[in-house]
Amino acid sequence: MSKTAVQPARKRETWNSQTAFLIAAIGSAIGLGNIWRFPGVAYSNGGGAFLIPYVVALLVIGVPILLLDYSVGHKFRGSPPLALRRITPKGELLGWFQVGVSFVIFTYYAVVLAWAARYVFYSFTEAWHGDSLNFFLTDFLQVTQAETEFSLTPVAAVTIPLVLVWILAIFITARGLTRGIAAANKVFLPLLIILFLALVIRSLFLPGAMEGLNDFFSPQWSALGDFQVWLAAVAQIFYSLSVAFGIMVTYASYLPRKANLTGAGLVAAFANSSFEILAGIGVFAALGFMAFSQGVAVGDLEGLTGPILSFVTFPQIISMMPGGALFGVLFFSSLVLAGFTSLLSLLQVVSGGIQDKFGFSPRNAALIMGIPAMVVSVALFGTQSGLNALDVVDSFINNLGVVASAVALTLLVSWMGPRLPFLRRHLNSVSSIKVPRVWEVLVGIVAPAALGFMLISAIWNYLQSGYGDFSDRYLAILGWGAVGFAIAFALIMTALPWRVNRPGEDPLDQAVHPLVGAERSRS
């Protein structure tokens, strides 16, 4: 590496308080999946009985990996590429893969926020006029392309709010950690909780609400004997906590040297799960009203999860209920706020990596990543084939990219670098709640085994059965291509030279971390 290519590092930002970090971490965890994924997953996997494997997965997989992210980011003081590079030189590649995965996710995640923002205004007049499915697909998204075709035709109703979402997101990220992300989360998260509580309370007073809750919470105990139900619980916890693909590593890296990591992790994890259960109550109370109005059972309703729940089923409910316009504004505003706090955390992963390696300011890093991301987001997901593209990319990048990142991370810290005992000692040295030795077993054996099975199953299913009715060509370009992009991005970024040197240390030099060297000697 050329000495002339290296420049002194900018002073790294830190959270202005532990509370600011905790609010940001909770805001990242609470996202779209809490509102539109958890209720349907719980209902279809045992109802009230699902809460048992859900809590087990939270304690055995979710919290341990969350604490792993915290320990790596906090101890090695960097975004994923820098933090993992400080563990072992091979770790930088995994770090940039996590950054690449985050980039792919936020290009389509922003689109859903644009949909929700548009539906806030549609709710005032109930613009779907009783036919919410046709309105969503034909009038709003203008989905006219077959599942094997691409469209470059932009949809104005999507692209205009999408560009506005990106401008706001880039602006907030460019302001930096304290004046941007922390300040935004302090407004957005409390507002989200207030709006969603109002939504849930309104739902509980609808006719048929209790029948909906009975369906949601009625335990199907036989489901506990189904391995797939336990796997579904692991998947829900894993996706909803935003772990193992760079977000929490990045956020924890901005904490001061003394920070209560385990306390913050437990609060963030249980706050996230509490919001999911609250979402289930609100959603199924509303679905109970819909079933009551139609004279059918809740189980006979369709679209109990995903975009169909949010943009087709809920507009139907809004049309049926008194004061539906207000209900719609509350619901879609909650979607926007929940999604935006998660979007900011994804942006910071990429911004942090660019700042660490190339020495850019937060403003320049935000522009360097934000403008290309906005172009991709609009060109690929703001078109008439955008819904299909989003469906495929989301499935592959989550089931393959995110899970592969988690498996690789657990193996990396278990078998290379300072290893798990070192990280556990670090957690205990700064935290009020001590981490027991069983944490090493959960992170080093249980988590990679469970997630590895999920990864192998997903790969096998995609290879054998494809995905939906999409052609092999479509899946190769958008599905496998999304994962391939993250891999190629990681290889290119790893090959580029570091442009930053911090005073008195080389960010690539393991010798600056004597405890790491001592740990390796003991290993």
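Among contacts in the protein chain between residues at least 6 apart in sequence, what percentage join residues at least 24 apart? The share is 84%, a good thing to keep in mind while browsing the views below, which come from a predicted model.

**Figure 1. The whole protein chain, with its 21 helices and 2 strands.** Before zooming in, here is the overall picture. The C-alpha atoms fill a box of roughly 70 × 50 × 45 Å, taken along the principal axes. A compact globule of 523 residues would have a radius of gyration near 24 Å, and the 23 Å of the protein chain agrees with that. Of the 523 residues, 60% count as buried. The chain exposes about 19400 Å², and carbon and sulfur atoms supply 66% of this area.

**Figure 2. Helix α20, residues 472-495, and its bend at glycine 481.** The bend here is about 45°. With 24 residues at 1.5 Å a residue, α20 should span 34 Å; the C-alpha atoms at its ends are 32 Å apart, so the two values agree. Several residues of α20 are buried, among them Tyr474, Leu475, Leu478 and Gly479. Further along the helix, Ala482, Val483, Ala486, Phe489, Ala490 and Met493 are buried too. What covers these buried residues includes α6 (91-125) and α15 (324-358), along with α16 (362-381) and α17 (386-415).

**Figure 3. Tryptophan 96 of helix α6 and its contacts.** Staying with α6, we can look at one of its residues in detail. Tryptophan 96 counts as buried because its relative accessibility is 0%, under the 20% cut-off. Its contacts include Phe489, Ala490, Met493 and Thr494; of α20's residues, Phe489, Ala490 and Met493 are themselves buried. Tryptophan 96 also touches Pro81, Gly353, Ile354 and Lys357. For a sense of scale, the C-alpha atoms of tryptophan 96 and isoleucine 277 are 34 Å apart in space, with their positions 181 residues apart in sequence.

**Figure 4. Serine 203 in helix α9, residues 176-204.** Is serine 203 buried or exposed? With a relative accessibility of 0%, serine 203 counts as buried. Its side chain reaches back to the backbone oxygen of leucine 199, at 2.9 Å. Setting aside residues up to four places away in sequence, serine 203 touches Ala209, Gly282, Ala285, Ala286 and Phe327.

**Figure 5. Serine 222 in the loop between α10 and α11.** This loop follows α10 (209-217) and leads to α11 (227-240). Here the serine counts as exposed, because its relative accessibility is 69%, over the 50% cut-off. If you would like a distant reference point, try proline 322: it lies 100 residues from serine 222 along the chain, and their C-alpha atoms are separated by 39 Å.

**Figure 6. Threonine 262 in helix α13, residues 261-294.** At 2% relative accessibility, threonine 262 counts as buried. Which residues does threonine 262 touch, not counting residues up to four places away in sequence? They are Leu67, Ser431, Ser432, Ile433 and Val435.

Methods: Residues numbered from 1 in each chain as written. Predicted model: local features only at pLDDT ≥ 70, side-chain atom pairs only at ≥ 80, totals over all residues. Heavy atoms only, no water. Helix = DSSP H or I, 4+ residues; strand = E, 2+ residues; numbered from the N terminus. Buried < 20%, exposed > 50% of the residue type's maximum accessible area, 1.4 Å probe, protein only. Polar contact = N/O pair within 3.5 Å; in protein donor to acceptor, adjacent residues only side chain to side chain. Contact = heavy atoms within 4.5 Å. Expected span 1.5 Å × (residues − 1). Bend = angle between axes of the 7 residues up to and from the residue. Rg over C-alpha atoms; globule rule 2.2 N^0.38 Å. Areas by Shrake-Rupley, 256 points an atom, 1.4 Å probe, with all protein chains shown as cover.
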